[in-house]
Amino acid sequence: MKRIVICCILAAVIFAGGIWGLFQTSRVGSDITEGLRQVTEAFEKGDLENAKTAAESVSEKWLNFRRFHILITDNDHALEITMAAERIKKLLELEDEEVKVECGVMEVLVSDYCREQEIRPENIF
């Protein structure tokens with residue numbers, strides 16, 4: 001009987017952790033998307049300091065997310081997002097117009113990553 005209770009408790013903890021992880025992924029994805037929009041808006045206004053600050057914030061949020069979620073299964077996708085964040089920072093240093101395109105690319109990559117983590121039939125099977 002004790003084993004059944006322990007198994008039920010462990011299953012509940014795993015289930016709760018999974019739900020919490022989904023909410024965390026969704027929240028971080030939304031924060032990063034908002035940060036990328038701030039980078040684009042600041043760059044279009046010519047405010048490079050705010051754009052660099054927002055880009056650094058976006059990069060830091062993503063790196064913290066990666067450090068915390070050690071069980072990321074899609075390492076290729078995660079690497080693409082990390083490289084996009086670094087490219088954005090480099091393009092801002094060069095004051096290149098390509099920043100806007102790279103922000104759009106990273107936004108798509110993050111939204112795709114979040115979509116891959118959702119509980120949907122195609123993700124389960």
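Surface patch and overall form of a five-helix chain

Met1, Ile4, Val5, Ile9 and Val13 make up a nonpolar patch on the surface, and their accessible area together is about 540 Å². The model is a predicted one, and the areas given here are computed from it.

One member of the patch, Val5, lies in helix α1, which covers residues 2-45. Is Val5 exposed, partly exposed or buried? Val5 has a relative accessibility of 41%. The class of partly exposed lies between the limits of 20% for buried and 50% for exposed, so Val5 is counted as partly exposed.

Helix α1 belongs to a protein chain with 5 helices and 0 strands. Read from the N terminus, the order of elements is α-α-α-α-α.

The overall dimensions come next. Along the principal axes, the C-alpha atoms of the protein chain occupy a box of roughly 65 × 25 × 20 Å. The radius of gyration of the protein chain is 18 Å, whereas a compact globule of 125 residues would have one near 14 Å.

Contacts and burial complete the description. Taking contacts in the protein chain between residues at least 6 apart in sequence, 64% connect residues that are at least 24 apart. Buried residues account for 34% of the 125 residues of the protein chain.

The accessible surface of the whole protein chain amounts to about 8,300 Å². Carbon and sulfur atoms contribute 60% of that surface. The patch that includes Val5 is on the surface too, with its about 540 Å² of accessible area.

Notes
Residues are numbered from 1 along each chain as its sequence is written. This is a predicted model: local features need pLDDT of at least 70, side-chain atom pairs count only at pLDDT 80 or more; totals for chains, interfaces and linings use all residues. Side-chain values use heavy atoms; hydrogens and water are left out. Patches are made of residues with over 30% relative accessible area and no salt bridge: like charges are joined within 9 Å, nonpolar side chains (Val, Leu, Ile, Met, Phe, Trp, Tyr) within 5 Å. Accessible areas come from the Shrake-Rupley method with a 1.4 Å probe; for residues, only the protein chains shown count as cover. A salt bridge is a side-chain nitrogen of Lys or Arg within 4 Å of a carboxyl oxygen of Asp or Glu. Helices (H or I, at least four residues) and strands (E, at least two) are DSSP runs, numbered from the N terminus. Buried means under 20% relative accessible area, exposed over 50%, partly exposed in between (1.4 Å probe, protein chains only). The radius of gyration is taken over C-alpha atoms; the globule rule is 2.2 Å times the number of residues to the power 0.38. Contact means heavy atoms within 4.5 Å.
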